[in-house]
Structure formats: C-alpha cells, structure tokens
Amino acid sequence: MIHSLLFIRLVCLCCLAFLSGGAFAQSPAVPPKDTTAFVRVNVLPMDRERVLRDQVVLVEDGHIAAIGRALAVPEGARIVDGEGSAWLLPGLADMHNHVDGLQDLDLQLALGITTTLHMGEARNSFVGRTRAAIANGERAGPRAFVALAVDGSPRYGHLVVADVDDARAAVRVARSNGYDFIKVYNNLPADAFSALLQEARVHGIPVVGHGVADVGLERQLESGQALVAHAEEFFYTFFPQPAGDDPNAAPDDREIEAAIGLLRRHGTAVVADLVTYETIARQWGRPDVVDAFLRAPESRYLHPALRVSWPLQGYARRSGSLQARAGFLRRFVKAMDEAGVPLLSGTDAPDIPGLVPGFALHRNLAALVEAGLSPHAALATATRVPGDFIRRTRPGLPAFGVVAEGARADLLLVADDPLADLSTLASPMGVMADGRWYPRADLEARRDKIRAAYAQAASTALDASAADR
Ligand SMILES: [Zn+2]
C-alpha cells in the first residue's frame with residue numbers, strides 16, 4: 001500500500017516536472033502584481049528628453065496608474081523608496097536576439113530586460129509554452145515576442161519556403177502558433193516574398209528581416225517590410241559593392257543619404273545592433289579572441305551548450321578584416337539617428353561568440369554612445385522606440401518603453417543618473433516586469449543560481465573525465 005502510494009506520488013511528480021518543462025518547479029517564485037508606489041524617485045520617462053525629479057509613481061494591476069509629486073499612496077501598497085537619489089526608467093528591450101533558454105530569460109530579467117524579440121529558430125516549447133507561462137505569471141521573464149524565420153533554401157538552417165503556396169502556408173502556420181512576426185531571410189525567391197507579404201497583411205502579421213538577394217531592400221521596404229533586422233543588411237542588398245578585390249571593403253559614405261531617404265519614405269525601422277557586427281569583426285580570423293570571450297567574467301553566465309558551440313563557429317577562421325565596415329556602420333547608425341530613422345537595440349545573442357544574453361544589450365548601448373549617439377538617444381533604442389514599433393506593428397497591446405500613465409509597468413530602478421553613465425543600468429536596484437517587483441536580492445539570487453548550476457555542470461564533467469582516466 002505504502003509502496004503503491006509512493007509510486008503514484010512519484011509518477012505525479014514526474015508528470016508535473018514534465019508538464020512544467022522541468023525547470024519551472026525550481027525557479028524562484030514569481031511575485032504577485034501588488035499595488036506598488038515608487039516614492040522619492042527621479043523619473044526618466046523617455047517620452048521626450050526630460051527628467052522628472054522627486055516623483056511618486058503608482059503601479060496598479062500591472063500598469064502605471066499615476067505619476068506626480070504629491071500623490072497619496074494607497075493603504076497597503078508596497079513602497080519602494082528611492083530616497084531622492086534613485087532613478088526610475090522604462091525596462092529595456094532587446095529587439096533582435098535568439099534567447100529562448102529558461103536560464104537566459106532569467107538572466108535577461110536580472111539585467112533589466114523586460115521585453116525581448118526572438119528573431120528566429122526558437123524552440124516550439126518557447127513559442128507556445130514558455131511565453132504563455134511568463135505572460136500569465138507562472139514563471140519569471142521578459143515579455144517575449146517571436147518571429148518565424150523563413151528562407152528559400154536550407155543553407156542557413158531556416159524553414160524553407162520555396163514558392164507562393166509555401167509562403168501562404170507558412171503565414172498560416174505562424175498564425176496558429178502565435179508568432180508575432182515573420183522574418184524573411186537572404187535566399188527567399190521573389191514570388192514567395194510577395195506572397196508572404198500579401199498573406200501576412202491579411203492575417204495582421206508584420207514582416208521583418210534581412211535583405212533578400214532576389215528582391216533587394218528597396219523593393220522590400222516599398223512592399224511594406226516593417227523592419228530591417230540588422231543595419232549591416234544594407235551592405236548586401238543596397239549599397240553598391242566598392243571596386244577592388246576586398247569583399248569586405250566599406251561603401252562610400254556618400255551612399256548613406258540614399259539609404260536614409262529610402263527608410264524615411266517608408267517609415268521603416270532598423271535594428272541598430274552595432275555590438276553584433278563589432279563582436280564579429282573582433283573575432284574575424286582570431287581564435288584567441290573567442291578564447292578570451294570564454295574567459296571573460298560574464299561568461300560565467302554562458303550556457304554550457306554555448307561554451308561548446310562558440311569555438312566551433314566559423315568567424316575566427318576567416319581571413320581579412322571587417323574593421324572598415326564596422327567603422328562605416330557606426331557612421332551610418334549615427335546618421336540614421338540624426339535623420340530620425342527609428343532605431344531599435346538588438347544583439348543577436350547568444351549564437352554569435354562573445355554575446356552573452358543581457359550583458360550584450362548593455363554593450364550595445366555603450367557601442368551606440370561610442371558611435372556618437374547621445375545617452376538619451378541610445379537609451380531610446382531600447383525603450384521608447386521599441387514601444388512605438390510594437391504599437392505600430394502589433395496594435396492593441398498596452399504601451400511600453402515609456403514611464404507614462406496607462407503604460408505597462410515594465411520598469412527599471414537604478415542607483416545613478418543613466419544619462420551621466422548608461423553602465424548603471426546593468427546593476428539594477430530592482431526590476432518591475434508586468435507589474436511584478438523583483439528587488440535586487442531576488443535578481444542576484446537568480447544570477448547566483450545560474451552561475452552555480454553552470455559551475456556545477458563543469459565540475460561534474462571534470463570529475464567524469466578524471467574517473468575515465
Ligand atoms: Zn539574428
């Protein structure tokens with residue numbers, strides 16, 4: 001009798017572990033959406049360039065209910081006291097990444113990221129299940145948007161859409177699975193691209209992505225593609241290839257004007273992921289650089305599978321240099337910012353060696369400032385502009401990316417003025433995601449747990465090799 005009861009309990013526990021994806025049960029609890037008052041905080045609302053000093057920000061039921069100097073705090077509300085020196089700003093958005101692992105999502109949250117856009121090849125369990133679990137408060141994490149990547153050939157490992165029929169079917173599959181975007185890739189045939197855009201419009205799914213060789217960015221943007229997934233796409237399907245034998249020569253700066261004209265005519269947004277191209281450029285032909293990435297302190301948070309796959313990637317075995325193009329991209333991004341092109345921060349983490357989830361976004365913000373953007377403009381690429389982009393392409397969702405009444409309560413509390421130094425954003429005093437408050441101790445516990453799990457995995461692997469000898 002005791003045995004059979006025990007058996008049933010074990011079976012049930014196994015079912016639960018299975019249903020919850022195993023790791024759910026071990027994750028720290030998700031805090032409730034309590035009414036919260038941030039008091040004595042300096043607010044960086046990010047709606048325009050201004051600072052509101054010594055404010056009260058009231059959050060109710062996952063939304064910002066009120067902002068003001070002398071607001072009454074409702075009885076029973078949680079009070080987070082900024083003591084006049086802390087800064088409250090919108091949570092950050094990484095709008096181009098490939099993060100779908102549970103630990104990586106926790107890491108993003110711990111580093112202040114409350115919105116993420118997965119740009120292709122996400123696991124189905126993430127698309128259908130993990131995102132829903134985050135949305136309904138069963139597990140912690142940023143709000144996750146996801147794109148279905150399609151290409152005309154299997155060369156880059158994406159879902160193949162060979163013709164018009166495939167294109168229509170792919171849009172319906174995207175809709176059934178809850179994808180927010182469709183991402184086009186380099187080798188899509190032109191007729192499939194047109195059919196994809198048409199069908200996607202019918203179903204209200206915006207199209208984003210790379211330059212498509214058979215179509216070209218000019219026609220892609222004319223057809224209504226809403227976003228160019230990397231600034232570097234302009235090298236391949238827009239800027240004329242410079243004369244000479246160097247395949248990685250930078251275009252002439254005088255070409256920039258035409259690109260900006262095209263973007264402005266169609267109101268298209270661009271992912272300004274300077275950190276992506278710069279990180280690739282750094283390791284181009286340099287296996288020692290990849291080795292250094294793996295030894296950097298932030299790599300303690302790198303999933304063991306990536307520790308295996310990073311050194312196997314091809315960039316470190318290439319020849320030549322990408323530095324001229326990297327320099328051009330900085331000038332291109334700066335010019336787009338000055339011209340008012342909507343720029344979104346993105347990272348491509350974690351598939352590209354050197355880009356650890358979460359940390360990579362902070363490095364992208366630093367790269368934007370190095371390229372000449374003001375700290376406010378750089379910060380806008382990870383707050384207000386992603387919020388505007390989602391509102392335009394996925395209407396009906398609550399606003400985010402600004403501290404404003406009615407917006408989603410995705411907030412970041414930091415110790416110092418971010419406009420004086422954006423690096424303060426990487427060590428939050430607390431993060432609020434969808435109205436759920438994660439104080440520093442909670443965020444640190446999440447980070448510690450990830451680090452400990454990876455260190456444990458490495459040490460048991462060492463034990464196993466020792467036993468083998
Ligand atoms: Zn990507």
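Three exercises with worked solutions follow, all based on a predicted model.

**Exercise 1.** Determine which strands pair with β1, and in which sense each of them runs.

*Solution.* Begin with strand β1 (residues 36-43) and strand β4 (residues 78-81), which run parallel and are joined by 4 bridges; within this pairing, V39 has D81 of β4 as its bridge partner. Next, take β2, which runs antiparallel to β1 and is joined to β1 by 5 bridges, with L52 in β2 as the bridge partner of V43. Finally, turn to strand β5 (residues 87-90), which pairs with β1 in the parallel sense over 2 bridges, and where W87 stands opposite N42.

**Exercise 2.** Decide whether Q55 counts as buried or exposed.

*Solution.* First locate Q55, which lies in strand β2 (residues 52-60). A residue is buried if 20 or more other C-beta atoms lie within 10 Å of its own, and Q55, with 22 C-beta neighbours inside 10 Å, therefore counts as buried. Then look at the contacts of Q55 beyond its neighbours within four places in sequence, which are V41, V43, I67, G68 and R69. For I67, which is 12 residues from Q55 along the chain, the C-alpha separation is 6.9 Å.

**Exercise 3.** Describe how helices α9 and α12 are arranged relative to each other.

*Solution.* Start from the geometry: helix α9 (residues 274-283) and helix α12 (residues 323-338) pack at an angle of about 170°, and their axes are 9 Å apart. Angles over 145 degrees count as roughly antiparallel, and α9 and α12 are therefore roughly antiparallel to each other. Now list the contact residues, which are L274, Y277, E278 and A281 of α9 together with Q323, A326, L329, R330 and V333 of α12. Sorted by character, the residues of this contact comprise 6 nonpolar, 1 polar and 2 charged.

Key. Residues are numbered from 1 along each chain as its sequence is written. This is a predicted model: local features need pLDDT of at least 70, side-chain atom pairs count only at pLDDT 80 or more; totals for chains, interfaces and linings use all residues. Axes are lines fitted to C-alpha atoms, for helices over the stretch in contact, and angles run from 0 to 180 degrees between N-to-C directions. Angles under 35 degrees count as roughly parallel, over 145 as roughly antiparallel, 65 to 115 as roughly perpendicular and the rest as oblique. Two residues are in contact if their C-beta atoms, placed from the backbone, lie within 7 Å. Ala, Val, Leu, Ile, Met, Phe, Trp, Tyr, Cys and Pro count as nonpolar, Asp, Glu, Lys and Arg as charged, and the others, Gly among them, as polar. A residue is buried if 20 or more other C-beta atoms lie within 10 Å of its own, exposed if 12 or fewer, and partly exposed in between; C-beta atoms are placed from the backbone. Two strands pair if DSSP finds at least two bridges between them.
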